[in-house]
Amino acid sequence: MRLCRYDDNRLGVVRDGQVFDVTAALELLPAVRWPLPPGDLLIANLAKLKPEIERLARGNRSKSVTEVKFLSPVANPSKIVAAPVNYQKHIDESRLDKGISFGQDIKTIDYYGVFLKSSSALVGAGEGVALRFTDRRNDHEAELGVVIGKTANNVPRAKAMEYVAGYSIALDMTVRGTEDRSLRKSLDTYAVLGPWLVTSDEIPNPGNLEFSIKVNDELRQHANTRDLIFDIAKLIEYSSSFYTLHPGDIIMTGTPEGVGPVKAGDVMHVEFEGIGKMDVAVRNA
Ligand code: MN
């Protein structure tokens, strides 16, 4: 199932280039009061809502995917976990390019571990990226986004994939500079997730997905998730050994070689095997 949030917070199922409106299924969500349970209420209750979502998706109230504004398929993640330098060729290019490293020694993910991006940075494909600090390099990083489906704490590798709700295309937008990664990658709109969530049952082998990003007509990154250094199971095992992952938490799994700058007026076209493609416009904030 391909699930999206679009326009004015409608819930949709994407099929054959159409978005079917299944917003009415949200009526089945539990009524909650302060303090809200951590995580995303829809992702936490997805199994419960699924039959109703599928029933409504058989209706004929639909719009073309080209006519809707895609928001992030996850509305309320408690956090966005991200993997630094998780492809060898990106480590290599980071060591060679001072515009990426800023004179800092580039080590490995074993050394750094994972970092957090602010959840306030999150947008969907239709919202675009609004650049700040335009005197500095603002880079695209195309990545596989993993959405956690249920509360995960100290999850062993062998069980890790059971905790995945699904996958989306992710852009870990980055201002280059000397500051900590969590700061340079947490600006508003610098975490793009979309265009929809593909549930994990539709992607049996997320560790072998080809993907690419073009900026306008120029191919920048083209890689396969089989080259991840920390694979998805390891990222879940590792991050959940430090903190609890809640339903809807997002893991941005790391970017391959070919990162590069974008400027206002550019459009990023990201394509992912098994997920689809999303176009993300760039503007100045
Ligand atoms: Mn990244």
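Start by selecting residues 164-172, strand β12, together with residues 191-199, strand β14: the two strands pair in the antiparallel sense over 6 bridges. Keep in mind as you look around that this is a predicted model. To find one rung of this pairing, show A170 and L193, which are bridge partners.

Stay with β14 and colour it by burial. How many of its 9 residues are buried? The count is 9 of the 9, so the strand is largely enclosed by the rest of the structure.

Next, add the other strands that pair with β14. Select residues 2-6, which form β1; this strand runs antiparallel to β14, and 2 bridges join them. Here, put L3 on display and look across to L197 in β14, which stands opposite. Then select residues 122-123, strand β8. In which sense does β8 pair with β14, parallel or antiparallel? The pairing is parallel, again over 2 bridges. L122 is the residue to click in β8, and its bridge partner in β14 is A191.

Now leave the strands for the largest pocket. Centre the view on P84, I106, Y112, R181 and R184, the residues nearest the pocket's centre among the 27 that line it. The space here comes to about 380 Å³. For the surroundings, select three helices: α3 (88-96), α4 (98-101) and α6 (181-184), each of which supplies at least two residues of the lining. Colour the lining by residue class and you should find 10 charged, 9 polar and 8 nonpolar residues.

The second largest pocket is the next stop, with a volume of about 270 Å³. Its lining has 14 residues, and L46, A47, V164, A165 and S200 are the ones closest to the centre. Which elements each supply at least two residues of this lining? They are α1 (41-44), α2 (46-57) and β12, the strand where the tour began. Of the contributors, α2 gives the most, with 3 residues. Colouring by class here shows 7 nonpolar, 3 polar and 4 charged residues.

For a last view, colour the model by domain, using residues 2-70 for domain 1 and 80-284 for domain 2. Keep the second largest pocket in sight: its lining draws at least three residues from each of these domains.

Terms used:
Residues are numbered from 1 along each chain as its sequence is written. This is a predicted model: local features need pLDDT of at least 70, side-chain atom pairs count only at pLDDT 80 or more; totals for chains, interfaces and linings use all residues. Side-chain values use heavy atoms; hydrogens and water are left out. Buried means under 20% relative accessible area, exposed over 50%, partly exposed in between (1.4 Å probe, protein chains only). Helices (H or I, at least four residues) and strands (E, at least two) are DSSP runs, numbered from the N terminus. Two strands pair if DSSP finds at least two bridges between them. On a 1 Å grid over the protein atoms alone, a cavity is a set of points where a 1.4 Å probe fits but cannot get out, and a pocket is an open set with protein on both sides within 12 Å along at least five of seven lines; lining residues have an atom within 4 Å of a point. Grid points are joined across faces, edges and corners, and a volume is the space filled by probe spheres set on the points. Ala, Val, Leu, Ile, Met, Phe, Trp, Tyr, Cys and Pro count as nonpolar, Asp, Glu, Lys and Arg as charged, and the others, Gly among them, as polar. Domain bounds come from an automatic or database domain assignment.
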